[in-house]
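User: Hi! I'd like to go through this model with you, one question at a time. Could you walk me through the reasoning behind each answer?

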Amino acid sequence: MLDTLDISIQKVPSSRINEVDFDNIPFGKVYSDHMFIADYEDGQWSDLRIVPYANLSMAPASSVIHYGQSVFEGLKAYKNNDGEAVVFRPDANAKRLNRSAERMCIPEVPEELFMQAMTELLKVDKDWIPNKENTALYIRPYVFAMDDYIGIKPSEKYRFMIITCPVGAYYSEPVKVKIETEFTRAAKGGTGYAKAAGNYAGSLYPAKLAQKQGYHQLVWTDATEHKYIEESGTMNIMFVINDTLITPEASSTILKGITRDSVLTLARDWGMKVEERKISITEVIEAAKNGTLQDAFGAGTAATIAHIKLIGHEGVDYTLPPIEQRAFSNKVLKAMDAIKLGEAEDKFDWIYKF
Ligand SMILES: Cc1ncc(COP(=O)(O)O)c(C=O)c1O
């Protein structure tokens, strides 16, 4: 039994929830009433508190602003069919936050601190978990450097925070992606496997160029040769070729997604052939040309499954099979939704209730 941590709670005088149009929630713009904060100093986390969502006050020299020592997580809470609040695999996010933190010289957030902070915050803002189809409460835990110091060294002070926001669907339609062969998201030995803020900043410019060409998102390739597929935007990428589910193997350049792991686990459980291995651009394009590419999708918390409808490579657009014909991605999306909603057995112990 874990010790109960001492978390102080200061509630808002009146909730903003009635200002929110839950039928029409923009992704990542509306925040719930409260946030969690803990401060790290002298080697320990202290002053654990839930307070009204509000702006922060920081020193202009705060090291996170200058040197980007910051990591984050993203997960979702849902209302199941019985009206209970559930969170999908939060323990996996707690562990990944610490893998990211280690790479960025950020102190560990003990798993019980992560879990209790998240749970208490969700209890306070339970009404913000929407219950309509394709909606959720997005949970954003993050840790960042707080030293008031201009100079390159790991900070001594940090802040761990959690904010939450109700969200609707991330993509309103299947996505068009472009295979990126000039810019790089992550290089071997770099920070690609960590959910570090700077990785995302570096991805914006190439993505912007692709968006100007009419694509929604990039497919990143390896930094050395730009021959092998890595990820798609901020999702892991998967293909079904000749009835085999194929995804790039986890490596130092790939963020090991929790959705990725869930999809692979379900596929294996269904007896499907699964391969985690290098997958070349040529293999995917050949399969698209000869009709053996049955399915292609991104897997990540924001969208769960984002069907890829078109792949652009070297100026040619390859249109993939109609979404209705995608047996695997449609089945796995349905299966994951059913587990979250409590319609299917939680065989792998993925659902956290509080
Ligand atoms: C770069 C990157 N890859 C993959 C993922 C998918 O990970 P998950 O399924 O845990 O959300 C994310 C999102 O968190 C991401 O930012």
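User: Happy to begin with Arg 89: is Arg 89 buried or exposed?
Analyst: Keep in mind that this is a predicted model. The relative accessible area of Arg 89 is 13%. Buried means under 20%, so with 13% Arg 89 counts as buried.

User: Where is Arg 89 placed, and what is its phi?
Analyst: Arg 89 sits in the loop between β6 (85-88) and α2 (90-103). Most residues other than glycine have a negative phi. Arg 89 is not a glycine, yet its phi is positive, at about 50°.

User: Which strand holds Asp 47, and what is the phi of Asp 47?
Analyst: Asp 47 is part of strand β3, residues 44-52. Asp 47 is not a glycine either, and its phi is positive, at about 55°.

User: What is the exposure class of Asp 47?
Analyst: The relative accessible area of Asp 47 is 47%. Buried is under 20% and exposed is over 50%, with partly exposed in between. At 47%, therefore, Asp 47 is partly exposed.

User: Let's turn to the ligand. Which elements give two or more residues to the shell around the ligand?
Analyst: The ligand takes up the space of the largest pocket. Two or more shell residues come from each of these elements: β12 (235-241), α5 (258-269) and β15 (293-300).

User: How many residues surround the ligand, and how do they divide into nonpolar, polar and charged?
Analyst: The ligand is surrounded by 15 residues, and the closest are Lys 195, Tyr 200, Glu 231, Thr 259 and Thr 301. By type, the shell has five nonpolar, six polar and four charged residues.

User: What share of the ligand's own accessible area does the protein cover?
Analyst: Let's start with the polar atoms. A nitrogen atom of the ligand lies 2.4 Å from a side-chain N or O atom of Glu 231, while an oxygen atom of the ligand is 2.6 Å from one in Thr 259. Arg 96 has a polar side-chain atom 2.7 Å from a ligand oxygen atom. On its own the ligand has 380 Å² of accessible area, and the share covered by the protein is 96%.

User: Last one: where does Ser 280 lie, and how far is Ser 280 from Gly 233 in space?
Analyst: Ser 280 lies in the loop between β14 (273-276) and α6 (281-290). Ser 280 is buried, with a relative accessible area of 17%. Ser 280 and Gly 233 are 47 residues apart in sequence, and their C-alpha to C-alpha distance is 17 Å.

How values were computed:
Residues numbered from 1 in each chain as written. Predicted model: local features only at pLDDT ≥ 70, side-chain atom pairs only at ≥ 80, totals over all residues. Heavy atoms only, no water. Near = heavy atom within 4 Å. Polar contact = N/O pair within 3.5 Å; in protein donor to acceptor, adjacent residues only side chain to side chain. Areas by Shrake-Rupley, 256 points an atom, 1.4 Å probe, with all protein chains shown as cover. 1 Å grid on protein atoms, 1.4 Å probe; cavity = no way out; pocket = protein on both sides within 12 Å on 5 of 7 lines; lining within 4 Å. Sits in = over half its atoms within 2 Å of the grid points. Helix = DSSP H or I, 4+ residues; strand = E, 2+ residues; numbered from the N terminus. Nonpolar A, V, L, I, M, F, W, Y, C, P; charged D, E, K, R; others polar. Buried < 20%, exposed > 50% of the residue type's maximum accessible area, 1.4 Å probe, protein only.
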